[in-house]
Amino acid sequence: MAGQVFLLQLAIMLVLVASAVVALVLQVRNDSDQEARNRSLAVAEAFANAPGTLEALRAPDPTAVLQPRAEAARERSGVDFVVVMNTDAVRYTHPERDRIGKKFVGTVGPALAGRPVVEELTGTLGPMVQAVVPVKAPDGTVEGLVSAGVTTENAGGAADRQLPLLLAAAGLALVLATAGTALVSKRLLRQTHGLGPSEMARMYEHHDAVLHSVREGVIIIDGGGRLLLANDEAHRLLGLPADAEGRHVPALGLGSGMAGLLTSGRVATDEVHRVGDRLLAVNQRPTDLRGGPSGSVATLRDTTELRALSGRAEVARERLALLYDAGVGIGTSLDVTRTAEELTEVTVPRFADFVTVDLTPSALSGEEPEAATTLCRTASGGIRKDAPLYPVGEDITFVASSPQARSLVTGRSLLEPDLARASGWLAQDPERTSRVVEYGIHSLITVPLRVGPVKLGVVNFWRSDQPEPFDQEDLALAEELVTRAAVSIDNARRYAREHLMAETLQRSLLPRSLPEQDALDIAYRYLPAQAGVGGDWFDVLPLSGARVAVVVGDVVGHGLHAAATMGRLRTAVHNFSALDLPPDEILALLDELVGRIDQDEAAADSGAAITGATCLYAIHDPVSRRCTVARAGHPPPAVVRPDGRVEFPEVPAGPPLGLGGLPYETADLTLEEGSRLVLYTDGLVEDRERDIDAGLELLRAALAGADPAPEATCRTVLEALLPARPADDIALIVARARALPADRVAEWPVPSDPAAVGQVRAAVTRQLAAWGLEDLEFATELILSELVTNAVRYGSGPIGVRLLYDRSLICEVSDTSSTSPRMRHATATDEGGRGLFLVAQLADRWGTRYTRGGKVIWAEQSLP
């Protein structure tokens with residue numbers, strides 16, 4: 001067969017080569033003629049129109065001028081001759097000089113009429129193609145003729161060049177055909193394994209014997225649904241008649257399922273169909289996947305005995321899958337109620353039709369578990385919502401005979417396969433239990449929720465739509481599910497307990513109420529994060545001179561560690577504020593404290609997290625209406641002016657507390673009466689879905705449209721910026737500035753002369769009378785006498801006295817000295833040292849406040 005194919009290919013190639021040669025010759029001849037015409041005409045026109053040709057024709061000896069030019073043009077253009085003649089067709093030029101002066105051979109009439117002419121003829125050089133064109137004067141008259149021609153011999157030659165290439169291609173094709181024939185022959189030998197006809201016949205006989213002897217049914221069906229082949233095992237399994245081959249499958253009585261599969265031609269893998277009393281596993285594949293004939297081939301196996309075993313294996317597989325899903329789906333959150341709900345979601349309806357979870361009150365509250373007979377229904381799930389079981393949230397007191405009570409007491413699981421006959425369960429609530437039975441719930445498994453000896457509640461699995469009652473295997477699976485859920489619920493309970501402890505600690509460390517003062521009208525909000533207790537904090541601290549300090553801070557991290565660190569910082573701020581230091585010095589002291597905390601923790605535990613914190617400290621003076629602010633890595637404050645304008649003043653951003661190295665700087669803000677100072681932590685303006693710049697713009701918009709009242713401002717800001725689930729604590733303080741009226745401030749300069757004390761006392765007496773504070777005259781005069789005397793004696797001028805009438809009467813004596821007086825306990829023989837002791841006895845509080853220009857000694861007295 002391969003040789004015959006080779007001969008056929010050889011004949012086809014010979015015909016193709018002969019046809020190609022003829023076509024080539026004809027094409028080359030046509031192309032040569034056309035090329036000769038075009039070339040001769042182009043050369044003749046170019047020479048006729050060349051500069052100097054017309055002048056040469058008019059010269060006395062045209063041949064002397066034109067002959068060299070014509071020969072040069074002939075050699076460069078590749079034509080055989082360029083002939084110039086006069087209007088009588090007498091040649092002036094010719095490649096052969098003996099032809100000059102003789103009559104030109106060819107047609108010149110059209111050229112004399114002004115038109116070029118191209119013709120084929122046999123001239124003096126042999127067969128040729130020549131063109132004759134006129135040489136015209138400017139007025140259009142013909143004064144000469146130019147002829148150029150190419151002989152036929154020189155115009156051809158393309159066929160001689162292309163014919164060898166064509167023959168070489170034919171030879172290459174012959175070689176490829178020979179190689180292809182060899183490859184086909186080799187492939188056929190390989191596919192038939194070198195067998196001849198007789199060997200192949202024996203092979204097919206053996207194949208037929210094997211097909212009918214295997215213990216697996218094999219059937220082949222064509223594209224029209226007819227049975228082409230069925231081996232002996234297929235005849236036995238399907239009960240086919242002897243003449244089944246050639247008949248359509250639906251007529252063989254195989255049943256609709258089997259017949260439909262076999263005639264569909266679709267792919268099937270181990271599909272089980274019933275034929276008679278047998279369960280057959282069918283595998284079917286189409287035969288036309290690789291270009292074969294349409295149809296399908298199917299194999300059949302008898303799986304009647306294996307079906308029962310596979311059913312049990314399938315149940316085991318489903319239970320393993322349920323346990324895996326329970327391990328993944330239960331305990332995804334540290335919430336007791338949510339964990340109980342996840343248990344119901346995993347087990348309904350794959351294991352039970354209804355599931356209820358009842359927990360002890362201590363498990364729900366996060367406290368240490370205690371023995372309890374009253375449980376709270378925490379979670380309930382089912383295939384329907386109208387089951388007459390106890391609803392979620394109801395407290396249930398189980399009677400001693402109920403499976404739940406017995407399970408709690410003994411710590412063992414109980415199975416009630418038939419609830420209609422379970423007298424102990426029926427006694428729980430006869431009216432409700434009868435409705436449960438009438439509803440169709442017929443079987444119950446109760447499993448205690450316990451972790452070691454700790455009992456957290458019970459889980460009830462109910463079955464209604466599934467007719468089979470629970471069995472012992474179901475009981476074992478239920479215990480495994482509840483064991484896994486119990487660990488997650490106990491973890492959630494412990495987390496809830498720790499979270500409650502941390503939150504309690506944090507709230508105990510935050511201010512429970514704000515101190516009374518008249519400098520600021522303050523409202524605040526504190527919202528702990530849902531993910532865990534953080535370290536945000538704030539405080540309001542009355543200072544001397546009717547001033548008030550407002551501070552807000554944020555400790556890095558969450559949990560008890562952050563809350564404890566926050567408490568230490570808040571205590572430190574209280575102590576440092578008592579020193580009456582400016583905000584930048586307060587932050588410097590806090591920075592040093594946090595650095596020491598870091599060192600202590602690193603030395604105690606190398607794996608402990610390094611503490612870090614941010615803080616903003618502001619002091620407002622209602623007399624000067626000046627607010628001094630400093631911040632350590634904290635977001636800037638916002639100021640809402642009385643006209644509604646919102647500003648974020650430029651406050652130098654120092655490094656967070658604990659980093660050290662750089663000093664802190666302050667900014668002085670002027671707060672007109674009615675202005676609102678807004679302090680906050682980063683949890684308000686920043687979260688995972690919003691950067692701080694976007695948060696600040698939202699805060700600006702909320703403050704611009706908020707009511708001036710601080711409480712209303714807090715509500716508006718939280719409504720606009722509070723995330724649905726805060727990931728960080730949020731502290732917000734809105735402080736509306738107040739001003740101390742000018743008529744409640746009195747100031748006097750004091751000369752550095754002891755005699756000036758009397759003048760001060762007289763002026764103070766008059767001022768107290770104007771204020772209606774005559775009851776404080778004696779004590780105030782004595783306090784100012786001692787303070788002014790000390791300033792005159794030990795200080796340096798200028799000296800000033802100021803009285804402030806606020807919630808208390810404040811006396812202040814200032815000088816430019818930085819030396820601070822201290823109280824002494826004078827003995828009976830000492831002449832001095834009793835002045836500050838008297839001041840301390842007469843005043844409620846007293847102290848020293850350092851300023852940029854010196855110091856202020858102050859004392860406060862309660863109003864009568």
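Here are some exercises on this predicted model, each with a worked solution.

Before you start, note that residues are numbered from 1 along each chain as its sequence is written. Because the model is predicted, local features need pLDDT of at least 70 and side-chain atom pairs count only at pLDDT 80 or more, while totals for chains, interfaces and linings use all residues; side-chain values use heavy atoms, with hydrogens and water left out.

**Exercise 1. Get the overall picture.**
Work out how many helices and strands the protein has, and what share of its residues is buried.

*Solution.*
- Step 1: Count the secondary structure, which comes to 24 helices and 31 strands. Helices (H or I, at least four residues) and strands (E, at least two) are DSSP runs, numbered from the N terminus.
- Step 2: Look at burial. Of the 864 residues, 44% are buried. Buried means under 20% relative accessible area, exposed means over 50%, and partly exposed is in between (1.4 Å probe, protein chains only).
- Step 3: Turn to contacts, meaning heavy atoms within 4.5 Å. Among contacts with a separation of 6 or more, 60% are between residues 24 or more positions apart.
- Step 4: Check the surface. The protein exposes about 43,000 Å², and carbon and sulfur atoms supply 55% of that. These areas come from the Shrake-Rupley method with a 1.4 Å probe; for residues, only the protein chains shown count as cover.

**Exercise 2. Look inside.**
Which residues touch the most other members of the largest nonpolar core?

*Solution.*
- Step 1: Pin down the term. A nonpolar core is a set of buried Ala, Val, Leu, Ile, Met, Phe, Trp, Tyr and Cys residues joined through side-chain atoms within 4.5 Å.
- Step 2: Go to the largest one, which has 52 residues. Leu-520, Trp-537, Leu-569, Leu-587, Leu-590, Tyr-617 and Leu-657 touch the most other members.
- Step 3: Zoom in on Trp-537. Leaving out residues up to four places away in sequence, Trp-537 touches a list that includes Leu-510, Val-551, Met-566, Leu-569 and Cys-615.
- Step 4: Find the second core. This separate set has 32 residues, among them Ile-330, Ala-363, Phe-461 and Ala-485.

**Exercise 3. Follow helix H13 and the loop after it.**
Find what covers the buried residues of H13, then say whether Ser-413 is buried or exposed.

*Solution.*
- Step 1: List the buried residues of H13: Pro-403, Gln-404, Ala-405, Ser-407 and Leu-408.
- Step 2: Look for their cover. It includes E11, E13, helix H14 (423-426), strand E14 (443-451) and strand E15 (454-463).
- Step 3: Walk past the helix. Gly-411 follows H13 and has a positive phi, near 75°.
- Step 4: Carry on to Ser-413, in the loop between helix H13 (403-410) and strand E13 (414-416). Its relative accessible area is 16%, so Ser-413 is buried.
- Step 5: See what Ser-413 meets. Not counting residues up to four places away in sequence, Ser-413 touches Ser-407, Thr-446, Val-447, Pro-448, Leu-475 and Glu-479. The side chains of Ser-413 and Glu-479 also share a polar contact of 2.9 Å. That term means a pair of N or O atoms within 3.5 Å; within protein, one must be able to donate a hydrogen and the other to accept it, and residues adjacent in sequence count only if both atoms are side-chain atoms.

**Exercise 4. Compare some salt bridges.**
Where in the chain do Arg-547 and Asp-580 sit, and why do both count as buried?

*Solution.*
- Step 1: Start with the rule: a salt bridge is a side-chain nitrogen of Lys or Arg within 4 Å of a carboxyl oxygen of Asp or Glu. The whole structure has 40 of them.
- Step 2: Take Arg-547 and Asp-580, whose closest N and O atoms are 2.7 Å apart. The pair links distant parts of the chain, 33 residues apart: Arg-547 is in the loop between strand E17 (534-542) and strand E18 (548-558), and Asp-580 is in the loop between helix H17 (560-577) and helix H18 (583-604).
- Step 3: Check burial. Arg-547 has a relative accessible area of 12%, so it is buried; Asp-580, at 8%, counts as buried too.
- Step 4: Now try Asp-643 and Arg-645, which meet in a salt bridge of 2.9 Å, N to O. Asp-643 counts as exposed because its relative accessibility is 55%, while Arg-645, at 44%, counts as partly exposed.
- Step 5: Widen the view: Arg-641, Asp-643, Arg-645, Glu-647 and Glu-672 are linked in a network of salt bridges.
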